[in-house]
Amino acid sequence: MIDFGTPLEPRGWYAAPGPESDVIVSSRVRLSRNLQGYRFPHIMEEEERAAVDNLISAALAGKENPDSMDVVKLGDISPVERRILLERNMITQDFSLKTFKSFFLTKDQVVSGMVNEKDHLRFSGIMPGLDLQRTFDRVNRLDDFLEDTLDYAVSIDFGYLTPDVTNAGCGFRASLLMHLPALVRTGLIEKALKAIVQLGMNVKGYFTDEHLSLGDMYQVANQFSMGSGEKEILEKLENLGIQLVHYERKAREELLSRRNLDMEDLVYRSWGILTNCRKITAGEAIEHLSTLRFGVLLGMLNVSLEDLTALQFVTQKAHMQHYSKDREDESESGLLDKIRAETIQTLLKGSAT
């Protein structure tokens, strides 16, 4: 079964450093594919769905597959484990409720995918930092193998066929998860978001569906794949990412030179709360951990960026439920908030300020 690690030894992309990771937290590439001769999942009947599932699952389990992976039925893992996959952005909310559907994850937890979600096959890779090309290479390697094994639905005029026109063409979606606290605090974030949209990209908050994200985290992605190739999309997104890295770092320098005391107060307040609280909600933790991450980048704290990033994921609700399942004080009110505070303090203990 899937190894989710522990809060202090997490399994996932956030446990490793990456290029430009002070601003670009992760790179993600997703492919949408469907099989020839079968209707799309939203109009499938049960027999057809099972046939597609069997074809794809057998292909993934083939010994020629370049990646070692786990292929599981969602019903074979617990509801909490399914929600962990949701919190890690590996499956969707609707998919997490369909226990008869299949999910797959490579042993190194870089590539994951869903069978019979909106497409017959939708899979993605995620790596730390600005690493779009290497992420694409991992996903493309699996895609090449599966295309030799499965009969993809492809049109000369429209490329890979999908039920969603935004995914047609090359069936390709690339995104960057970015931490932009300096742009937020200099009031430049709205200008930056408008510029992103004007360039034909989509931007949204990461930890919520709101435009303004918890923890100053934003996900930037291409809107359409029709009419563009993977290389063009990757280059455009990477260039945009490099520009935003530059603007965020410049804004960081401005805050240090003009509002250093305000920034120190902001960072050390969050440090005080996280190192002394007896309980804390997931939303509060994300906000304060983001501030500590900002504090590291401002040179005010000596804490690993990877540890702080990992904590934003492994202290979410389902993760805390999974890690605390053997606790004897389950009946205690606010248990998860209590364990979340303890988890954060254990990791931060001994860090220099």
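**Entry 1: Asp-265**

I began with Asp-265, which counts as partly exposed because its relative accessibility is 38%. I was working in a predicted model, and I placed Asp-265 in helix α8. I then looked up its separation from Ala-168, which is 97 residues away along the chain, and found 49 Å between the two C-alpha atoms.

**Entry 2: α8 against α12**

Staying with α8, I asked at what angle this helix, residues 260-276, packs with helix α12, residues 335-348. I noted an angle of about 115°, with the two axes 8 Å apart. The two helices are therefore roughly perpendicular to each other, since the range that counts as such runs from 65 to 115 degrees. On the α8 side I listed Trp-271, Leu-274, Thr-275 and Asn-276, and these meet Ile-344, Gln-345 and Leu-348 of α12. When I sorted the residues of this contact by character, I had four nonpolar and three polar, with no charged residue.

**Entry 3: the two sides of α6**

Next I took helix α6, residues 189-198, and wrote down Ile-189, Ala-192, Leu-193 and Ile-196 as its buried residues. Seen down the axis of α6, these buried residues fall within an arc of 100°, so I recorded them as lining one face of the helix. That spacing reminded me that an α-helix has 3.6 residues a turn, so residues three or four places apart point the same way. On the other side of α6 I found Lys-191, Lys-194 and Gln-198 exposed. I also looked up what covers the buried residues of α6, and the cover includes α5 (181-185), β9 (201-205), β10 (217-222) and α7 (230-258). Just after α6 I came to Gly-200, which takes a positive phi of about 85°.

**Entry 4: aromatic pairs**

I turned to the aromatic rings, taking as pairs those whose centres lie within 6.5 Å, and the count came to seven aromatic pairs. Tyr-14 and Phe-313 form a stacked pair, for which I noted 5.2 Å centre to centre and 15° between the planes. Because Tyr-14 lies in the segment before β1 (24-33) and Phe-313 in helix α10 (residues 305-314), this pair ties together parts that are 299 residues apart in sequence. I checked the burial of Tyr-14 and of Phe-313, and both are buried.

Phe-104 and Phe-123 gave me a tilted pair, at 6.4 Å centre to centre with 50° between the planes. Here Phe-104 belongs to strand β3 (residues 102-106) and Phe-123 to strand β5 (residues 121-128), so the parts tied together are 19 residues apart in sequence. Phe-104 and Phe-123 are both buried. I closed this entry with a cluster in which ring pairs link Trp-13, Tyr-14, Tyr-206 and Phe-313.

**Entry 5: positive phi outside glycine**

Most residues other than glycine have a negative phi, and with that in mind I looked up two residues. Glu-20 is not a glycine, yet I read a positive phi of about 55° for this residue. I located Glu-20 in the segment before β1, and with a relative accessible area of 35% Glu-20 is partly exposed. Gln-109, also not a glycine, has a positive phi of about 60°. I found Gln-109 in the loop between β3 and β4 (111-115). Is Gln-109 buried or exposed? I entered Gln-109 as buried because its relative accessible area is 5%, and buried means under 20%.

Methods
Residues are numbered from 1 along each chain as its sequence is written. This is a predicted model: local features need pLDDT of at least 70, side-chain atom pairs count only at pLDDT 80 or more; totals for chains, interfaces and linings use all residues. Side-chain values use heavy atoms; hydrogens and water are left out. Axes are lines fitted to C-alpha atoms, for helices over the stretch in contact, and angles run from 0 to 180 degrees between N-to-C directions. Helices (H or I, at least four residues) and strands (E, at least two) are DSSP runs, numbered from the N terminus. Angles under 35 degrees count as roughly parallel, over 145 as roughly antiparallel, 65 to 115 as roughly perpendicular and the rest as oblique. Contact means heavy atoms within 4.5 Å. Ala, Val, Leu, Ile, Met, Phe, Trp, Tyr, Cys and Pro count as nonpolar, Asp, Glu, Lys and Arg as charged, and the others, Gly among them, as polar. Buried means under 20% relative accessible area, exposed over 50%, partly exposed in between (1.4 Å probe, protein chains only). The arc is that of the directions from the helix axis to the C-beta atoms. Rings of Phe, Tyr and Trp (its six-membered ring) pair if their centres lie within 6.5 Å; planes under 30 degrees apart count as stacked, over 60 as edge-to-face and the rest as tilted.
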